[in-house]
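Colleague: I should be grateful for a guided reading of this structure. May we take its features in turn, with the general idea before each case?

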Amino acid sequence: MPGIPGSLTFDEYGRPFIIIRDQEKQNRLTGNDAIKQHIMAGRQIANTLRSSLGPKGLDKMMVSSDGDVTVTNDGATILKMMDVDHEIAKLMVQLSQSQDDEIGDGTTGVVVLAGALLEQAEQLLDKGIHPIRIADGFELAAQFAAKHLDTISDSFPVDTNNLEPLIRTAMTTLGSKIVNKCHRQMAEIAVNAVMAVADMEKRDVNFELIKMEGKVGGRLEDTMLVKGVIVDKDFSHPQMPKVLRDVKLAILTCPFEPPKPKTKHKLDVTSVEDYKELRKYEVETFLKMVQQVKDAGATLAICQWGFDDEANHLLLQKELPAVRWVGGPEIELIAIATGGRIVPRFEELTAEKLGSAGLVRELVFGTTKERMLVIEECKNSRAVTIFIRGGNKMIVDEAKRSLHDALCVVRNLVQDNRVVYGGGASEISCAIAVSQEADKISTLEQYAFRAFADALEMIPLSLAENSGLSNMETLTEVKARQVKEKNPALGIDCMLKGTADMKTQHVIETLHSKKQQIVLATQMVKMILKIDDIRSHAEH
């Protein structure tokens, strides 16, 4: 029979059974042994990330097979760069990646929560509770926790005239990153970038209009937001002007060279006259191309392709500054920013297709003679570039990742302006609510509810531990205060500011992110608990 991994045989009573092929070459684990092996793999990944959680979380150094070094405490990046073989460990990597894709922040927290749920599930399995009952109980508890988050959430107005609440939320995200020594400045850059491109009527943010460009050298404090486009190129000829004002840009994807037949061709030059004719034709073609660009009214040519020194010399003679080898994404961004059209053929170039910019200038860095072009004061001011500086490549890369998280958080607030308080406050509040709900349940799921509440407490426990506080004492104290004062904003005072009220400390997280963490972690654990049989090839 097709589709059966072996042969079908019948015993003496005519009952069918299957003899599976290559049985000696395979490993097989079934029942609780399989689930426990998966739980162990998931917990190991979660324990790796636990020490990276929170503002005092530690960084991890990842060295790739070809010697590239990355220093980061972004959960998704750490897991992406970890070379994991175990199937469940790979699922944990995908879990943090989906949180990163959807929300952009909370990638470490979601893995730590999933690890804590797996740890609690193992204890329930040891009590003899069936894995499906545990999975169903976790699912119900997650739904209850998500509803409870709605009741404790606050909303604040996203107002273009008052950006302070947004900046404080972005500062919460950046607090655990390497950029936190200038995180007020970074938060302002992230908020201003999102507000520049946000469509407040549709409550939507187009991330394609925000470009991040990094350059090693300088300090993190030199990072700036440019209302325009930065291109990592310079003018094609060193004698071209370094600053242009009121620029008309011709954005070209056609090369500055004589047309060639599309087929394979061979040209025999048999005399000096033939060579001179060819030379003359080339010069005439170049002159015609340059003249077409000039006639359209362009004062700057942006070319996707290169051109040789002769064309470069002609451009200088005709006083037409040009930039060559500009990549596709940059070309598109320049076209959006300047309101120009991308032109594929010189014949199609007209004055209406030109982009306009108030200022194009060349930036020079230090003693390295490295240059970049800045196109500013554009027609469409909604295209912005964040220009990041840093002492080395690792810092610049980590700053890019940190700012990406901050941009995502601000975007989420523009789309849904409800927030909960960080520092483990919302998790403690959910844990108390889920625990109280467990007392009202008469079925076996009450055990899963209590286990879920214990798992939620892993986030504040890890925050306290990473901040050098006594974790159990701190959690117990805050939990008791939350119950007594009925204040869901009380969390772990990681920064030792003397108050546990996260509202006062302005530690704010988006409701959407927190809900997504709980739902994704629960779905992942539910999936792991449902696997009870593993077949894998034995390692010889």
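Modeller: Let us begin with the naming of elements: helices (H or I, at least four residues) and strands (E, at least two) are DSSP runs, numbered from the N terminus. The model is a predicted one, in which local features need pLDDT of at least 70 and side-chain atom pairs count only at pLDDT 80 or more, while totals for chains, interfaces and linings use all residues. Residues are numbered from 1 along each chain as its sequence is written, and side-chain values use heavy atoms, with hydrogens and water left out.

Colleague: How should I read the backbone angle phi, and where does His506 lie?

Modeller: Most residues other than glycine have a negative phi. His506 has a positive phi of about 60° although it is not a glycine, and this residue is placed in the loop between α16 (502-505) and β20. Trp325 also has a positive value, with phi near 55°; Trp325 belongs to the loop between β14 (322-323) and α10 (328-338).

Colleague: Which domains does the assignment give for the chain?

Modeller: Domain bounds come from an automatic or database domain assignment. Here domain 1 comprises 28-155 + 421-537, and domain 2 comprises 228-261 + 269-380. The centres of domain 1 and domain 2, taken over C-alpha atoms, are separated by 54 Å.

Colleague: How is a sheet to be read, and what is the order of the strands in the sheet that contains β19?

Modeller: Strands of a sheet pair through backbone hydrogen bonds, either parallel or antiparallel. Two strands count as paired if DSSP finds at least two bridges between them. The order β6-β19-β20 describes an open sheet of three strands with antiparallel pairing. Because β6 (154-155) and β20 (508-510) stand at the edges and each has a single partner strand, one side of each is left without a neighbour in the sheet. Two bridges connect β6 with strand β19 (residues 418-421) in the antiparallel sense, and Asp154 is found opposite Val419 in β19.

Colleague: Which helix packs on this sheet?

Modeller: Two conventions are needed. Contact means heavy atoms within 4.5 Å. Axes are lines fitted to C-alpha atoms, for helices over the stretch in contact, and angles run from 0 to 180 degrees between N-to-C directions. Helix α17 (residues 511-529) packs on the sheet and touches β19 and β20, its direction making about 65° with that of β20.

Colleague: What is the pairing in the sheet that contains β18, and which strands are at its edges?

Modeller: This open sheet of three strands has the order β9-β18-β10 and mixed pairing. Its edge strands, β9 (210-216) and β10 (224-226), each pair on one side only. On average, neighbouring strands of the sheet are turned by 25° against each other, direction ignored. Seven bridges hold β9 and strand β18 (residues 384-390) in a parallel pair, in which Lys211 stands opposite Thr385 in β18. Helix α11 (residues 393-415) lies across β9 and β18 and runs at about 160° to β9.

Colleague: Which strands pair with β17, and which with β12?

Modeller: Strand β17 (residues 370-378) runs antiparallel to strand β11 (residues 228-231), with four bridges between them; Ile230 stands opposite Val374 in β17. Eight bridges join β17 to strand β16 (residues 355-365), also antiparallel, and there Leu359 has Glu376 as its bridge partner. Strand β12 (residues 243-252) pairs with β16 in the antiparallel sense over six bridges, with Lys248 opposite Ser356. The pairing of β12 with strand β13 (residues 300-303) is parallel, over four bridges, and Ala250 stands opposite Ala301 in β13. Two bridges join β12 to strand β15 (residues 342-343), again in parallel; Leu252 is opposite Val343.

Colleague: How are salt bridges read, and how many does the count give?

Modeller: Side chains of opposite charge can pair when their charged atoms come close. The rule requires a side-chain nitrogen of Lys or Arg within 4 Å of a carboxyl oxygen of Asp or Glu. By this rule the count comes to 29 salt bridges. One of them joins the side chains of Glu139 and Lys526 (3.7 Å, N to O). This pair links distant parts of the chain, with Glu139 in helix α5 (residues 131-152) and Lys526 in helix α17, 387 residues apart.
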